[in-house]
Each structure stands twice: as structure tokens, then as C-alpha cells.
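Q: I'm new to this structure and would love a close look at its disulfides. Could you walk me through where they sit and how they are set in their surroundings?

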Amino acid sequence: MNDAAVVCKQLDCGSGAPQYGHFGPGSGPIWMDDVGCNGTESALSDCPHGGWGENNCVHAEDAGVMCSGFVRLVEGKSHCSGRVEIHDGEQWKTVCDSHFGPKAADVVCRELQCGVVLPVAVAAHVGEGMSPIWDGELQCVGNESLLASCPRGSPRDQPCTHANSAVVTCTQYTGFRLVNGSTACAGRVEVQVLGTWGTLCASHWDLSDAHVLCRQLNCGFAESIPGGERFGRETGPVWRDSFHCDGTEAHLGQCPVITLGASPCSHGNNAAVICSGSAAFASLRLVGGGSRCDGRVEIFQRGTWGRVLDDQWDLREANVVCRQLQCGQAETAYNPPKPERGTGPVGLRGVRCAGHETNLTQCNTSLPKSALAAGVAEDVGVICWGSRRVRLVNGSGRCAGRVEIYYQGSWGTVCDDGWDLSDAAVICHQLGCGEAVEAPGSARFGEGSGQIWLDGVNCSGAEAALWDCPARPWGQHDCGHKEDAGVICSEFVALRLENSDGCSGRLQVFYNGTWGSVCSNLMTPDTVSLACKELGCGDGGSLETRLPYGRLSGPAWLDNVQCGEKTSSFWQCPSTPWDPQSCEDLRDEIHITCNGLCLLSQCHGRSLPSPDREKIRAVGGEDGCSGRVEIWHHGSWGTVCDDSWDMRDAEVACRQLGCGPAVSALNEAAFGMGRFPSTHTPIHSAQLSFSSSAATPRTAAPPPRADPTRGRLTSSRRVSVPVIICIILGALLCLLLALLAGQVLSARAGRRALPLSPGSRRAQELFPEAVYEEIGYSPVWEKQPRFGRSGSYSEESLTQLQPYPGDTEEEDGLGSAPDVLVLPGGDPADGYDDAREVPDPRDDAAPGQGAWEMPRAPEEGAVPRDALGGERER
């Protein structure tokens, strides 16, 4: 095994098992014999052997190896869930779900030491991959230890795309049961972890977790979670695993689980639940909603679930349903829209309740056909008070993010007016995320969409739920989504390698709002391996301590981290409780060098080492992992504009900086204004790397600090003289075109403003004689130069040239003279228009030449100019 392990490690293919003659005899020289590796060598040539070319073997004895790196799960929550990829032809390929059965999924979980496979119906959803499609078929029996041992069938003709790739979710929790209760649906919770049964500690056990377990055991919903030793004292081990379900999961294995840093379980603090029981006659359920307390009503009768139809469904019936399901009072009774209606058998048609019944079957369900004929019976639904939920989104973890509330069947946000730590504390307590560390506003975690449910929230901090706090009525607000409130709780955790170059550095964990160290006591290779897997840096590594980094300020959060060989996640490793002074000597911090390079598609906070890694930096913060984002491009540092900047963009920046998950995405120059040109292109997608914006990935090593002044000089020297000349000529050309356009528009407006005489033979010609008119003096005209300077006009300053009575639509087909808006100009102070002579068109005078002035409308009461008869007698 040691020899095979060295070969697989050298090939970066995980661990391995020896195979003899499995792959057939070779040919040519037999170079090595009597190889005796101890497993720590980095190459097979470093192992002791009988001498090069010295052997007493034949090719029938050629050694082989089967490495575990043949299969992997990618883009899932951990290395134990995700899309199936196999290594074939020097590259990873996606497996089609039609070529991959349940028995193959069992083998994958066994090979990856991830426990058992979750049912396909509750497998995690992952995105579509970009790797090539594998065209083979796996025909596993189910008892194989490695997927590579499964027989392979010929490729199928059935087409396969990334949309239907195989997905597997494994769990180390191989069994759940309730013991010492009066029925199988009540008792103390016991969990089987990789074959060993133990009692679950109740330190973080709540109704949401209990609802999921009852549903998983086909025991309805959770009625209560009694504490103490009501169902007897625990026997065997006590698991400190903390499940964090939101109540909608179908299996406890789907819920996030954290064991790291958990306190020892106190005596008698056992998790327990009393479920409503398995489906019996007249049992109810709500389907199609966002929780167990909203959706379309179905009733269980004669061994099957059926629809409930009614034509006069209202709050009285809805209250009975909510009461029977222990979901509080009914908020809404409704008929689902057509796409949400059921298609199965009808269990109940027509029901009339008084509203005080405890069960729907106690209502009048024997209505005459005449009563039902009065209306159209349709599917019915309810939204109960107990359907309200809260979550934190877009924050790289369940304990940090934008606050969203599920109310009236849809998710909405909370306005940040008056938002503070007392309000955030209620959210953190409600989610089991510890205490509030920060209550950010101004949509730090990105802008939400849809409804803004709450505004003016004013919690004391002692409320059980956010909707128990004083606030404005539901849905009433004066906010936009740019004011969405957020929360960062103390239980938000993340992992990183500080001072990192690729996949090596000081191991640190984020907890209680601060990065802290991990101590090296009792650190095992399994712990190092899981840390590297969590960071996407291979499946193992080496451990170093007492490196010359100097003493660090700040907490040392964890010690005695003891991951086992079969632990599936770093967060599920037991350790001492969270303590900022876990290490007696900070020089005992651990430094890890992982054996792999992370790929951007798999990394959790790491990036590929690159010669151009110093293309992005964070400045103005406390360390290199917080601050204003700056990018090195064309020889100088520049900033990034905050248009559309959100948590997804911050995630990419943190990944390229080697700083783990993003905690917040600040804007409005929170770390001070930069002194460089900005990258003006808005960043819209978390999937885009900064390299698409002229920056390339980097690691956590801080880049050389560049002098801003030198950066600007370097940038200016790159602008050549021809470029400057082109810019100047372009500006002059635009100015010339603008002047010409102004002249043309002025000439056209002048022609339109001149009235035409329908009785004249030269109706379409300009008058060849000067026109004089005495008009009334208006003080308003004295203000016209002021208006002209301001560039804006009020309604009073715009007058219309009225059509003359003699105008007709027959004159040369021109129609009646339109109303012409006359803008104020600079008239002489004596009240007379300037005299002008209009040249004869035969003189070929260029239009627009000379002093052209638009006619002005007379003041109200003034005698209009007689355009039909020429001049008025003076």
C-alpha cells in the first residue's frame, strides 16, 4: 500500500491500492524490484529498491496501481456533494445521469469516504459544468470499493448534455431514529454516524430541525421538542453536531452541520421530538408553498392523498386547517392559480366550517349537490401565520447576508431605516447564529428584489422573531432596495491560508467577526487533508509550526482540532470550544502546504498562483483582505467604480486576493477615495474573473506598493502625440458640425415662422420688401436676455404666433399656418423691431446669411400684423 500511495501522490491522483497483473503484462526492461516505500516519499525513485535493472521478475508480475483520484464531486457544498466527474485521458469529464445509476452513486460515496448517498429526490442542485462529456457507461454492482473497478459498458446513442449530468450528495449520517417513546414517532433522537449510533446533543436543536426529522421518518410534523431526560438517559456516544435546517429540507443530511468549536454537551441535554404521527385518516398537508404552513390543501383518505375543492373557501375554513397543522392563525385563504392547481384524485369536495373546529373533518362536509352547483369548486390554499420565515442571503454563509422575510407566500427585504444591532440580534438569535456582530445597511450584501416587507423596525433585542418587533405595517415603506438591511452574526465562519502563495500559508478561521489562528496541538494529517479539501487545494498536505513570522496580535480561536479519517468536512471536526486565547504560545500557529493547486471552478477562497498575481489589491483597510479595491493596468493602479458592485463581485475579489469568502461589499468610498482613474465598466456577474477586466488572479501575498504619482506619470507617457492630435481634430470637427446644424435649424425655424399669403402668386417666396410694424412695449421683453443666458424658459416666456383668419388649407397644399413657438430674443428698448430687407430669391442669396430674426408675438390686445395684405397703413 505504501508503494501505491507514493505513486498516486506523485501523479496527484489521491490515495491508491496496489494491483498485480490487473492491467496486463508490459514490455521492455523491468527497472525496479523489491521496492520498499514507507509512504512519505515524494517520488517512487526515492524509495529503497534492489537497484536499477536488477530483478528476478517477469512481465507477468508487473505491478499496477489504482488511485482514488479517478472520481470527484465538484460545485457542491463540500467534496461530498456535487456533479460527478471522472479522470479520463488526462482530463476531467462530466458523467451523464443516464450512464450513472444508484449503485454507482453508492460506490462514489464509499470511495470518497463520505458515508452513504442521499436519495436522488433530495440530491443537491448544482450548476452546469464546462468539462467534456464522458461517453461511457458505468455498470457497478454496488459492492465495489473504487469506481474504477466497476465494469464499463459501451457508449450509448442517447444524447447527453451538461443539463442532465449526474449529481451525487453523500452524508456521513447513515441512520436516524427516535427511541424510548410510546410510538415510533416520538422519543430521544439518535443518529448513526458511519455505522455508530449515538445520542444527539440538544445545544442547537430547534423546531425547524425537528420538522425535517419528522418528515424524513414519515411521522408528519413536529408538535414539540421536550428537553431534559423525558425519554431516558443517553447511552453510548453523544454527538455534538449542530444541524441548522430552515425547515424545508427533506432529509437532515441536507442541512448545514457544524461541530467545530462546539462546547461539550451537558448531562441530560438530549435532543428529542414528538411528531404528529404517520399519515392517518383525515391527515392534512400543504403542498407547493415555501414552508410547511402555506400551500395547497390536501387530505389523506383511504390510503392516498387527495385534493380539497370548494367554491366558497374563506378564512373560517383556513383557520381550521392552520389550527390542525399547528401553524397558528390563518392569514390568507385563496384559490391557487391554474399552474399551481392539483391534478390528482379529489379527497374532499365542498366544506363549510364555523371556524372553531380543531379538525377539518369536524366541519360540514356532507353538502347537498345543489349547494355545490351554485359555484365552481376549485383547489383551495391557505397561508398560515407559521409560514413566516427569515433568512440571510448573498453573504457566503447562513449567518451573514441580506435580511429577507417570507411573508404572504413571497420573499421580501427589510428597509435599513433605524436598523441597528438590537434588530440584528433578533435575527441572529432566530437563526441560531449567536450574537450580532454588525448591522450593515445601504444594501451592503446587494440589492434585493420584490417586496420590501418591513420598515422602521425597532427591536429591543429580546423578541423571539423579527415580526414581533415594533415596525410600520407590512408592506408600507418609503425605501428602495438600495436601503436593504443586512446582518453579520458571530457564528459566521470561514477558512483561509494567510501569507499564502498558492496553496500554502498560515491556517486561519473567521469567527465572531474576526480572523484568528488555529493552534497545532493534536493536529493530524487528516485535519490537514480536510483543510486542503475545504480550500480546494488538493487532498492532503504537510504541517509546519514555529515559522519565523513573529508574534501576531489577535485571537487564536481553536485548538485540538481532531478530524478523523472518515470525517467528510473540516467544519465537522471536533475541537476545543471557541476561545480567543486557545494557544498558550502564538508561535504554535500552524502553517499548511497543500499538495495540490486549486482551480477557480473548485476553490473555496484560493486562486491559482500566477506571475501576474499582483494585479489586484485592497488598500485602506486593517490588512490586505479589506479595503478599497485597486487594479494594476497599463502601468498604473486604478480603482473600480461601485456601479452594480455587490457580494458576488466581492467574492471574486476575495478569491483572487486569497482571503476566503467575502464578508461584505462596501461602496461609496467607504475606505476613502482613490487618486487614480477608475475602471468604469460595471461588474454584473459573480462568474466573471477580474482578469476579464484587465486583472489576473493573485494569491494572498500583498503586492508591492506602487506610488500613485509615479503611476500617473507612467500612464501619461504612454499617450502618443498622434493620439493627442486626433483627439483635438475630432473635437474641432464636432464643434464645426454643431455650428452648421445650428445654422440650418435657425433657417428652417425662420421659414416656418413667416406667414404666407394665400392670395399672392409668390406664396412660397419671401417678401421682397421690408416690413415695419409698431408693436406694444412689454416689460417682459426686457427680461429676455436673462432667459437667454439661463438656457431655460418658463411657460410665460413662450408665446404662440396665432393663425391668421385668412389662412386656408387650399393654399399650395401647405395647410393652415401652424402655431409657431416664438422664443424670446433681445428686442430694442424702444419697442420697435429692427428693420430688415428680404432679398429676392433670384439673387441666389444663401439661406441663413445676414441678420435673421424670428418674428415675435405681440402682447395680448395688440393688433396683429396683416399678413394677407402686406403692410398696415401708418
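A: Happy to. Let me begin with one small landmark before turning to the cysteines: helix α7 is followed by G536, a residue whose phi is positive, near 70°. Please keep in mind that this is a predicted model, so every value here is computed from its atoms.

The helix just before that glycine is a good place to get your bearings. Helix α7 covers residues 525-534, and seven of its 10 residues are buried, so the rest of the structure largely encloses it. The buried ones are T527, V528, S529, L530, A531, C532 and E534. As you can see, a cysteine, C532, is on that list.

Now for the wider setting. The protein has 874 residues, of which 44% count as buried. Its secondary structure consists of 11 helices and 43 strands. If you take the contacts between residues at least 6 apart in sequence, 70% of them join residues at least 24 apart. On the outside, the protein exposes about 43,900 Å², and carbon and sulfur atoms supply 52% of that area.

That brings us to the disulfides. A disulfide is a covalent bond between the sulfur atoms of two cysteines. This structure holds 17 of them, and three make a good tour.

Let's start with C140 and C150, which are joined with an S to S distance of 2.1 Å. The torsion about their S-S bond is about 105°, so this disulfide is right-handed. Both cysteines lie in the loop between β8 (137-138) and β9 (152-153), so the bond ties together parts that are 10 residues apart in sequence. How buried are the two ends? C140 has a relative accessibility of 12%, which counts as buried because the cut-off is under 20%. C150 is buried too, with a relative accessible area of 3%.

The next stop is the disulfide that joins C322 to C384, where the S to S distance is 2.0 Å. Here the angle about the S-S bond is -85°, and the link is left-handed. This pair connects distant parts of the chain: C322 belongs to helix α4 (residues 315-324), while C384 belongs to strand β25 (residues 381-384), 62 residues apart. So in this case a helix and a strand are linked to each other. With a relative accessibility of 0%, C322 counts as buried, and C384 is likewise buried, its relative accessible area being 0%.

The third pair is C459 and C469, whose sulfur atoms are 2.0 Å apart in their disulfide. With 105° about the S-S bond, this link is right-handed. C459 and C469 both sit in the loop between β30 (451-454) and β31 (486-489), 10 residues apart. Both of these cysteines are buried.

To round off the tour, here are two more cysteines, looked at for their surroundings alone. C654 is buried, with a relative accessible area of 14%. C734, on the other hand, has a relative accessibility of 54% and counts as exposed.

If you go back to the model now, try finding the pair C322 and C384 and following the link from helix α4 to strand β25. Then look at C140 and C150 in the loop between β8 and β9, and finish with C459 and C469 in the loop between β30 and β31.

Terms used
Residues are numbered from 1 along each chain as its sequence is written. This is a predicted model: local features need pLDDT of at least 70, side-chain atom pairs count only at pLDDT 80 or more; totals for chains, interfaces and linings use all residues. Side-chain values use heavy atoms; hydrogens and water are left out. Helices (H or I, at least four residues) and strands (E, at least two) are DSSP runs, numbered from the N terminus. Buried means under 20% relative accessible area, exposed over 50%, partly exposed in between (1.4 Å probe, protein chains only). Contact means heavy atoms within 4.5 Å. Accessible areas come from the Shrake-Rupley method with a 1.4 Å probe; for residues, only the protein chains shown count as cover. A disulfide is a pair of cysteine sulfur atoms within 2.5 Å.
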